[in-house]
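Biologist: I am new to this structure and should be grateful for a close look at a single part of it. Please begin with one side chain and then relate that part to the rest of the chain.

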Amino acid sequence: MANKLIVSLSPHVHSGDSVKKNMYWVVVALVPALLCSFISFGVGAIITTAISVGACVFFEWFINKFMLKNPKCTICDGSAILTGILLAFNMPSNIQPWIIVIGALFAIGVVKMTFGGLGCNLFNPALAGRAFLLISFPVDMTTWPNPGQGFGAYLDAETGATPLSLMKAAFKSGDPKMLEQLPSVQDMLLGNTGGCLGEVCAAALILGLIILLVKKVITWHIPVSIILTVAVFSGLLNLANPQAYANPLAELLSGGLLLGAVFMATDYVTSPMSKKGQLVYGVAIGVLTVIIRTYGAYPEGMSFAILIMNAFTPLINNKFKPKRFGEVPAKK
């Protein structure tokens with residue numbers, strides 16, 4: 001009697017979805033951006049990604065087997081691999097290997113497994129790992145290699161400013177010449193700019209978004225609401241003072257906005273379940289991103305905006321509950 005079978009009336013429809021299938025589809029959608037990072041940053045991108053994925057998979061296996069004594073192997077569901085890729089995508093290509101391992105340990109051991117593993121974590125593990133490393137090792141996490149230095153460039157790669165750092169300098173100084181140094185739209189689309197591994201090629205991230213939408217792994221509500229909100233608010237700032245604020249297109253194509261909107265804000269575990277809740281969640285992330293980018297200490301605000309809204313997800317879910325079948329509305 002321990003295992004009970006619950007039988008219900010037909011029809012029975014199975015969508016064919018599973019956690020494992022969806023995780024690997026997200027990995028597939030990340031492949032274009034991954035290949036672009038290899039082309040832009042060479043061996044450094046390969047080493048950073050390999051160490052990050054390997055460390056995340058190892059720590060999940062080790063904690064499950066020797067600390068939680070869980071006989072079920074969870075490393076095959078794809079979540080640890082996905083966390084490793086996304087963590088690598090949030091780092092520069094010339095980061096020291098031991099820093100990557102610390103980030104993986106924090107992401108998997110502290111943020112994910114401490115709360116019970118996949119489906120129980122409050123915050124996105126990859127983003128939390130990035131935030132932890134950014135606070136702990138700010139210099140290493142904000143030293144950006146220039147792309148196109150040859151496949152062998154790694155720890156000794158030449159570094160330079162990113163589009164977001166130029167925007168921040170323009171706002172602080174009020175010098176319009178800083179914005180004139182921004183890369184062209186074509187360069188930002190094709191990955192000819194400095195930055196984290198996964199954020200430099202906007203075209204590859206847009207292709208990943210199309211793959212996820214076509215395969216119905218995610219819906220449009222979160223990424224579109226974030227993108228539109230950032231476009232509107234950054235556009236208003238640009239209209240108010242075009243010498244201090246970049247145009248909306250530059251804001252959308254630079255930094256981790258597309259990476260966060262498509263691949264991390266849409267995380268099943270840490271995002272709202274209802275469509276209305278997802279729209280509120282996306283708009284709030286967009287507003288916070290613009291505020292942090294403009295007035296915060298760091299040029300990028302996407303990671304912190306998503307983490308803040310991760311904490312509000314339970315409240316959003318509670319506010320926007322779907323109506324139960326047969327439920328009678330309460331009288332006012």
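Modeller: A suitable starting point is the side chain of threonine 294, which has a polar atom 2.7 Å from the backbone oxygen of valine 290. The model in which this is seen is a predicted one. Threonine 294 belongs to helix α14, and that helix covers residues 275-295. Is threonine 294 buried or exposed? Its relative accessibility is 9%, and because buried means under 20%, threonine 294 counts as buried. Beyond its neighbours up to four places away in sequence, threonine 294 touches Lys168, Phe171, Leu237 and Tyr245. One of these, Leu237, falls within the span of α11, residues 221-240.

The nonpolar core offers a second view of this region. The largest nonpolar core has 83 residues, and the members that touch the most others are Phe263 and Ile285. Helix α1, residues 19-41, supplies the largest share of this core, namely eight residues. Nonpolar side chains tend to be buried together in soluble globular proteins. Isoleucine 285 is in contact with Ile226, Ala265, Met302, Ala305, Ile306 and Met309, if neighbours within four places in sequence are set aside.

Just before α14 comes the loop that links α13 (257-264) to α14 (275-295), and aspartate 267 lies in that loop. Is aspartate 267 buried or exposed? Its relative accessible area is 17%, so aspartate 267 is buried. The side chain of aspartate 267 is joined to that of threonine 270 by a polar contact of 2.9 Å. Aspartate 267 also touches Asn121 and Asn124, leaving out residues up to four places away in sequence. With asparagine 124 the separation in sequence is 143 residues, while the C-alpha atoms of the two are 7.3 Å apart in space.

Contacts between residues far apart in sequence can also be considered for the whole protein chain. Among its contacts with a separation of 6 or more, 74% are between residues 24 or more positions apart. The protein chain has 15 helices and zero strands. Of its 332 residues, 49% are buried. The accessible surface amounts to about 16,500 Å², and carbon and sulfur atoms account for 68% of that surface.

Two other loops provide a contrast in exposure. Lysine 216 lies between α10 (202-214) and α11 (221-240). Its phi is near 60 degrees, which is a positive value in a residue other than glycine. Lysine 216 has a relative accessible area of 69% and is therefore exposed. Lysine 69 is located in the loop between α2 (43-67) and α3 (79-89). Phi of lysine 69 is likewise positive, near 55 degrees, and this residue is not glycine. With a relative accessible area of 61%, lysine 69 is exposed.

The two helices on either side of that last loop also meet. The axes of α2 and α3 come within 8 Å and cross at roughly 145 degrees. On the α2 side the contact is made by Thr48, Thr49, Ser52, Val53, Cys56, Val57 and Glu60, and on the α3 side by Ser79, Ala80, Ile81, Thr83, Gly84, Ile85, Leu87 and Ala88. The crossing of α2 past α3 is right-handed.

Conventions
Residues are numbered from 1 along each chain as its sequence is written. This is a predicted model: local features need pLDDT of at least 70, side-chain atom pairs count only at pLDDT 80 or more; totals for chains, interfaces and linings use all residues. Side-chain values use heavy atoms; hydrogens and water are left out. Helices (H or I, at least four residues) and strands (E, at least two) are DSSP runs, numbered from the N terminus. Buried means under 20% relative accessible area, exposed over 50%, partly exposed in between (1.4 Å probe, protein chains only). Contact means heavy atoms within 4.5 Å. Accessible areas come from the Shrake-Rupley method with a 1.4 Å probe; for residues, only the protein chains shown count as cover. A polar contact is a pair of N or O atoms within 3.5 Å; within protein, one must be able to donate a hydrogen and the other to accept it, and residues adjacent in sequence count only if both atoms are side-chain atoms. A nonpolar core is a set of buried Ala, Val, Leu, Ile, Met, Phe, Trp, Tyr and Cys residues joined through side-chain atoms within 4.5 Å. Axes are lines fitted to C-alpha atoms, for helices over the stretch in contact, and angles run from 0 to 180 degrees between N-to-C directions. A crossing is left-handed if the near helix is turned anticlockwise from the far one by less than a right angle, and right-handed if clockwise.
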